[in-house]
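Got the viewer open? Load the model, colour by chain, and let's take a walk through it.

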Amino acid sequence: MAEASPGTPGNVLEKLFIRMGVLPVLMVLALIVFSLMSEQFLRIDNLVNLVRQSVYLILVSLGQMLALVTGGFDLSVGTILAVTSVVSAIVMAHFFGADPNAVWFAISIGCFAGLLAGAAVGVVNGLGVAYLGVSPFIMTLGTQSVGFGIALLITGGVPVSGLPGELSETLGFGRILGVPIPILVTAAVAVMFYILMTRTARGSYLLAVGGNPKAAALSGVNVRTTLLVAYVLCALVTAVSGLLLTARVESGEANIGGTMALESIAACVIGGVSLRGGIGRVENVVLGAIFIVLVQNGMNLSEVGSYLQMIVLGTLLIIAVIADQIRHRMIAGGVGL
Amino acid sequence: MPVSASDLIETVALTKHYPGVKALDGVDFSLAPGEVHVLFGENGAGKSTLINLLAGVNQPTSGQILMEGREVRLHSVLDARKHGVSAVFQEFSLVPTLTVAENLFLGDESPRHGFIDRRALAARARELLADLQFDLDPARRVSTLSRAEQQMVEIAKGFRSRLRVLILDEPTASLTDRETERLFTLIARIQAEGAGVIYITHRMQEIARVGDRVTVLRDGRKIGTVDAKATSEDRLIEMMTGRTISEIYPTIAANPGEILLEVEGLASGAGVRDASITVRRGEVVGLAGLVGSGKSELMRAVFGVDRVTAGSVRFKGVDVTHARPGEMLRRGLFYLPPDRKAEGLVLAFTARANIALPALRSKLKGRFGLLSGKRREALTRTAGQQVELAERNAGRAVAVLSGGNQQKVLFAKGLGINADLYVLDEPTVGVDVGTRSALYTLIKRLCEGGAGVVLVSSDLPEVLHLSHRVYVTRLGTIAGERHGADINEASLLGLFFERERTAA
């Protein structure tokens, strides 16, 4: 792939399209449109703000990418956020209430409980998909509803309050050397994911299982384990996002997940992850997630109403999927990578 | 051979162009009443193009099709069927969720007052099946039928109206020998009734068995039409490939060493029973038999793809009876699957990534347990060079490579892990003759370099010319073994078709 690509500019564009999907085109378009519509858009503080807002979606999209490259997807990411938020907040509030001096103990055990609860949803998804052969669509649609119901049930639909202020001072708004902690956490996770996908056997296995499960099995890959790993890691990284969000809003919320499933799938597909599995790059997914937040940010600044925003987001997803189809046809049709 | 105006179907200089390719180039072909005319040639030689034109699937660029002396234009499959031409392709055109009867008369329900008369339909279906002596329940859903039964439905469709020309495209590819016998009986009946059969097959033994004449195609051109019974196999292969036998098949020196694989009394969920074989270093062991006879299934059970239900497998002295593919690969047994697109390759991956896949855990770990890019590069380059894969193809997605290059990538996966035993399941399916002889040379190098090779193949000449020892499988077990000079077509076929003995 490092081959120089001699040839016409059209040829180069075609190769770029095959490698990265529609993202570069959409990114340029969005930047032009929004900088024309709003003067604030291109200001440094807005762009920094934009990256900080993006971290939650970036984390979830990285998880979503794992499910997508194995040829499935995870519709339950919103629920995982909710379960993580609610469980961590309840546990944290409980221990903080019992002993207000043990702030860090309460925060640690709360975070741990939240990660565990989120990962549990992933284990259920993974077992269903890998070992019982349930289609990822139905499996995660089911856990999406079950998990959300549980989160509402244990909170009665009311936000969980009484969290230590230290939580939001660190994980929510804290900075180290001037860099917001959520950005540092996300950067660390993204680097780990990059290593996972490019430098470990498991990363290749995830892609291979999505590309051709039979060929993967005959190449010595344990397909079931690999699928389980995909859904558990997806849930775990989503749970990290859930903790950061909880710290940001300073309460445990069951309604925190919202449109995360749609947005994360859109971010991945726009970032060139194939819905057929087998293809996906960490760096492009990060850019895809930033792009989604950028569009939302730009629309907010341009005072586009939230109803219209829903329309735009859905349309973007469909455009990205169509582009994915075209890209696939081009690969199959003989345009080299 | 009577070639006259009474030929059922005749083509004159039939030509079909696709953008950039002459798929069929001026082919003259004829089919006499009561004749079975075999089409023989490699993949891409033009067999499929010819039958697609005759069955009305595609229309010729130039040339004529005559039926009983009169020129016809077959605009569609339906059109061809009206002329009495019916084709059974390898891809069946059946609706799996409908019943046998519904499929038989699909598009021809002759409704009464706009409604389908189910009872009449079932009665017509029963009549048709009884007439053909097909033991099929017209009320069964097609999805519940075996492949052979589905093929029977497909053939029966041709008999809805008067059948004059039946086209069969590798009909025995997935039939058991008993089902094959039944098909041959049916073909004899069709002949007796004065209809003709165009029969595509890759199997030499079938050519002499059912064929009257053979037309050999190569690169879209007709090489010649010869008598099916009187022409030797070697001659047919030479016509097909344009090379002499000795140019295709290298002579491999046998140098049997220590025992690599010992299989004893093996049975599997896929129908293998009480099968025992031994393979040593430095020898090529052929595994021949009809499709469905268990030759592929036996090796899949050994490799751990199918569950072993009884018996034992020892590899290099270690018991590996229930080992999974991952473990077998680590121990040095490589299995090359027969269908490279379905099971062999991750098409979206580059050739390099495919070659590296089985070696990731065992050979490519570097510092901190992470994969070493340098080692991956070295390993894939070496393996790629051994199979003569061009450097520029190594970085391309496998999906865009030719069938021959894809097969080379598949071989390279095994070379990458430097296996001790190579189990090659139909290793040259669908590759051109140039690649084929390159792969045979590779087998020679592996064997003479001290590895063991198991050659599972439905291509009998391949088995005959390359193997030092041959096991023949029948009905899921080993029917017999032949060595050296005893490896010839007659002795192997004897084992293929041997009458079933009374239950052992």
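Start with chain A and its longer-range contacts: of those with a separation of 6 or more, 79% join residues 24 or more positions apart (contact means C-beta atoms, placed from the backbone, within 7 Å). Keep in mind that this is a predicted model: local features need pLDDT of at least 70, side-chain atom pairs count only at pLDDT 80 or more, and totals for chains, interfaces and linings use all residues. Residues are numbered from 1 along each chain as its sequence is written, while chains are lettered from A and ligands numbered from 1 in the order in which they are written.

Switch chain A to cartoon and you'll find 14 helices and two strands (DSSP runs numbered from the N terminus: H or I of at least four residues, E of at least two). Its radius of gyration is 20 Å, close to the 20 Å that the globule rule gives for 337 residues, so chain A is as compact as a globular protein of that length (C-alpha atoms only; the rule is 2.2 Å times the number of residues to the power 0.38).

Now hop to chain B and select its open six-stranded sheet, ordered β6-β7-β8-β3-β9-β10 with mixed pairing (strands pair when DSSP finds at least two bridges between them). At the edges sit β6 (85-88) and β10 (221-227) of chain B, each pairing on one side only.

Zoom in on β9 (residues 213-218) of chain B: six bridges join it to the antiparallel β10(B). Across that pair, Arg218(B) stands opposite Arg221(B).

How values were computed. Two residues are in contact if their C-beta atoms, placed from the backbone, lie within 7 Å.
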